[in-house]
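Colleague: Could you take me through one part of this model closely, starting from a single residue in the core and working outwards? I'd love one connected account rather than a list.

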Amino acid sequence: MKQFQMQLFNGHPIIDDGENRILIDTGASSTIHTSNSLTFCSESFNCLTNYMGLSISNISDMLGTEITTLLGVDVLSNYKILLDYQNLAIGFSKQEIEINGSLSSISTFMGIPIIEMTIDNQRLKFFLDTGAKLSYLSNTLTNSYKSIGTDEDFYPGVGKFQTECFEIPTVFGEKEFVVKYGNLPTLLQKALMLNGTDGIIGFDFFNNFKVALDLRNNKLKYAK
């Protein structure tokens with residue numbers, strides 16, 4: 001397994017690999033890089049330099065820090081991935097990653113992982129997105145909770161936006177933890193619903209669980 005020290009920049013996992021500064025983004029179907037070719041973990045991959053009108057320069061501006069690469073699931077699915085936010089570590093392997101924990105099956109849409117969690121006794125589907133500092137639910141699910149204020153986020157194709165935020169108890173497996181949820185802009189929320197998902201879970205999930213993710217085989221192993 002090739003291991004990296006992770007930097008969490010405003011909740012976003014970033015690694016340095018040679019000259020490349022890489023945002024790990026399981027919520028992105030395509031990798032965006034400064035050129036059409038990327039060498040990662042001694043392998044070469046074709047990638048985009050522009051996606052939905054966004055270049056790496058645009059993403060860096062919205063992120064608030066310079067990166068060379070947004071690494072999406074088209075590349076990430078080639079590896080088993082260990083995400084250990086508590087120890088600021090991330091690893092990539094071609095072999096199974098053994099951690100002491102529970103196994104959960106996942107589904108995918110365009111390669112992006114989807115997990116099921118429970119809120120207010122409702123079983124809901126969430127995109128599992130390492131690139132999301134905030135998590136998201138529709139306002140029909142958050143309107144019974146009191147706002148804790150607003151936060152700013154960004155999304156490709158939309159740019160920066162402000163959202164009301166809510167702290168909501170969420171259950172995955174047998175563990176309950178509190179997640180900071182915002183509301184997506186209307187068009188993005190409608191797109192979520194068309195995909196059959198109820199929300200996006202980001203930083204708060206990985207900050208509560210050590211995760212071994214196998215996108216190709218639709219498996220997630222997690223330890224509390």
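Modeller: Happy to! Let's start at Ile 115: setting aside neighbours within four places in sequence, Ile 115 is in contact with Ile 106, Leu 124, Lys 125, Phe 126, Leu 128, Phe 172, Ile 201, Phe 205 and Leu 220. Keep in mind that this is a predicted model. Ile 115 belongs to the largest nonpolar core, which has 57 residues, and it is listed with Phe 40, Phe 92 and Phe 205 as having the most contacts inside that core. Apart from this core lies another one of 12 residues, including Leu 23, Ala 28, Ile 56 and Phe 154.

Two of the partners of Ile 115, Leu 124 and Phe 126, are also touched by Leu 137, so let's go there next. Leu 137 sits in strand β15, and because its relative accessibility is 0%, it counts as buried. Beyond four places in sequence, its contacts also include Ile 119, Thr 142, Ile 168, Tyr 181, Gly 182, Asn 183, Leu 184, Gln 189 and Asp 198. With Tyr 181, the C-alpha atoms are separated by 6.3 Å, although the two residues are 44 apart along the chain.

The contact with Gln 189 leads us to helix α4, residues 186-194, where Gln 189 is buried along with Leu 188 and Leu 192. Seen down the helix axis, these buried residues fall within an arc of 100 degrees, so they line one face of α4. That buried set packs against β14 (122-128), β15 (135-137), β16 (149-155) and β19 (199-201). The face turned away from the buried side carries Thr 186, Leu 187, Lys 190, Met 193 and Leu 194, which are exposed. Just after the helix, Gly 196 takes a positive phi of about 80 degrees.

From α4 we can step to the largest pocket, since α4 and β16 each supply at least two residues of its lining. The volume of this pocket is about 700 Å³. Of its 32 lining residues, Gly 27, Ala 28, Ile 112, Tyr 155 and Pro 156 are the closest to the centre. By class, the lining has 22 nonpolar, 7 polar and 3 charged residues.

Ala 28 also takes us back to the core of 12 residues, where Ile 56 is among the members too. Ile 56 is in helix α1, residues 56-63, and is buried there together with Ile 59, Ser 60, Met 62 and Leu 63. These cover an arc of only 165 degrees around the axis, which puts them on the same side of α1. After α1 comes Gly 64, with a positive phi near 90 degrees.

Finally, a word on backbone angles you may want to look at. Most residues other than glycine have a negative phi. Met 110, however, has a positive phi of about 55 degrees without being a glycine. Met 110 lies in the loop between β12 (107-109) and β13 (112-119), and with 56% relative accessibility it counts as exposed. Asn 218 is another residue other than glycine with a positive phi, near 55 degrees. Its place is the loop between β20 (210-214) and β21 (219-223), and Asn 218 is partly exposed, at a relative accessible area of 28%.

Methods:
Residues numbered from 1 in each chain as written. Predicted model: local features only at pLDDT ≥ 70, side-chain atom pairs only at ≥ 80, totals over all residues. Heavy atoms only, no water. Helix = DSSP H or I, 4+ residues; strand = E, 2+ residues; numbered from the N terminus. Buried < 20%, exposed > 50% of the residue type's maximum accessible area, 1.4 Å probe, protein only. Core = buried A, V, L, I, M, F, W, Y, C linked by side-chain atoms within 4.5 Å. Contact = heavy atoms within 4.5 Å. Arc of directions from axis to C-beta. 1 Å grid on protein atoms, 1.4 Å probe; cavity = no way out; pocket = protein on both sides within 12 Å on 5 of 7 lines; lining within 4 Å. Points joined across faces, edges and corners; volume = space filled by probe spheres on them. Nonpolar A, V, L, I, M, F, W, Y, C, P; charged D, E, K, R; others polar.
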